[in-house]
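Reader: I'd like a close look at a single part of this model, strand by strand. Could you pick one stretch and walk me through what sits around it?

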Amino acid sequence: MDRGKKLTNFYGNKNSKIYMDLKDIVRENALRYLPAKSLFRFFGVCRDWKHLISTPFFAHNQSNSFHSVSGFFYQSQAGVLSFMSLDPVAYGVPDPSLKFLPEPVDIRSSCNGLLCCQGRTGYKAYYICNPVTKQWKKLPKPDADHGSDPAVVLVFEPSLLNFTADYKLVCAFPSELDGYEFEIYSSEKRSWIISREICFSERKLMPKSGIHVNGTVYWQTMGFGITAFDLISERFQLLDSAVGTLGMRNGKLCSAYVHAQNLVVNMLSNTHSNTMQMNSHAKMWEEMQPKIHVDISLPASSNNNAWGRYGYGHGGVVFIGGDVVLLSNGNKFYSYDMKNRASKDLGELDIDSKAGIVGYVNSLVEL
């Protein structure tokens, strides 16, 4: 009898989560996993939810919880910035043209909710911004000349320990010593530093192909090669490239292209395969199995150096990140969900092929 009373009293505790209302359960356990646009729509649910979503603490939790690719920023032939949403109801930004910035800009890179833009006037300053909150920071002028089409990559990994974004901007620029050097901006130090490392190579980097994966920045080079730069050791490495567009899947570098209506994805498995002993069966790239059939009419891939119209797309693939693949056939675009094996027609868009396309995560991250 005593045991029964104790058990009843335990379950009768009003502080127990089994007595929470459904709205409280959603507020405490689900909201932070939603994209920014969806969260703003919940302002009308109640005053309590509006207050919660508006706090810096919630923005911090959301930026650490939501990482799904939400859409793509691109530039029209007339130079106007626009946003292509994968789901217009769930994902979006209030001003896709980024007119809240102090000057017209070109978008150079994106990472986990932050955009790197470059001004079109003066010394063409870099800006880091969150297009959802319209927060932005202007970076100091670099010491090196990055050129008219800089090979910059924004590096930002949300951390539970940092309530403001701690990011880096990495640029590979042509060296006077016939190669490439690397200049790095750190938001923590608020300054640029030119690395002592010099990549002596005749390979020409493709500026818009850069991507960051697990502390290393990768750029494709003409001739199916990859230049890798380790941000910790500040050392470069030249890798053999698999055919396709570079991206990240399951925390690893990958490349993807379409061949015979199949999406072919290769994962980087061993960066030291070219230094292994003879007769070693170690491979640098492993093809993901099984192949994924894509029921979309796309241009056939080839094994020559015929790069896509967007500067880095190959065999119909413009972007791959997580489970999302962006495919193109001329100016017609499709998204493909690798997890659900579903495709979506995004329509025909007037895109400046020289400006490129940048993937974006709909985050509330604070600058």
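**A close look at strand 12**

Author: Let's start with one pair: His212 stands opposite Val217, a residue of strand 12. Keep in mind that this is a predicted model. His212's side of that pair belongs to strand 11, residues 211–213, which runs antiparallel to strand 12 and is joined to it by three bridges. The hairpin made by these two strands has two residues between them, and in it Asn214 takes a positive phi near 50 degrees.

Now go to the other partner. Strand 13 covers residues 225–230 and is also antiparallel to strand 12, with six bridges joining the two. One pairing to look for here is Thr216, which stands opposite Asp230 in strand 13. This hairpin has three residues between its strands, and Gly223 is the one to check, with a positive phi near 100 degrees.

So how buried is strand 12 itself? Six of its six residues, 216–221, are buried, so the strand is largely enclosed by the rest of the structure. In a regular strand, side chains alternate between the two faces of the sheet. You can follow that here: Thr216, Tyr218 and Gln220 point one way, while Val217, Trp219 and Thr221 point the other way, and all are buried.

If you want another buried strand residue to set beside these, try Asp106, found in strand 3 (residues 105–111). Its relative accessibility is 17%, and the cut-off for buried is under 20%, so Asp106 counts as buried. The Asp106 side chain makes a polar contact with the side chain of Arg120 at 3.1 Å, and another with the side chain of Gln75 at 3.4 Å. Setting aside neighbours within four places in sequence, the residues in contact with Asp106 are Gln75, Cys116, Cys117, Gln118 and Arg120.

For antiparallel pairing elsewhere, there's an open sheet of four strands in the order 7-8-9-10. Strand 7 (151–156) and strand 10 (191–199) are at the edges with a single partner strand each, so one side of each has no neighbour in the sheet. From one strand to the next, the twist averages 20 degrees. Within that sheet, strand 8 (residues 167–175) and strand 9 (residues 179–186) pair over eight bridges, and Lys168 has Ser186 of strand 9 as its bridge partner.

Definitions and conventions. Residues numbered from 1 in each chain as written. Predicted model: local features only at pLDDT ≥ 70, side-chain atom pairs only at ≥ 80, totals over all residues. Heavy atoms only, no water. Pairing = 2+ DSSP bridges. Axes fitted to C-alpha atoms, helices over the stretch in contact; angles between N-to-C directions. Buried < 20%, exposed > 50% of the residue type's maximum accessible area, 1.4 Å probe, protein only. Polar contact = N/O pair within 3.5 Å; in protein donor to acceptor, adjacent residues only side chain to side chain. Contact = heavy atoms within 4.5 Å.
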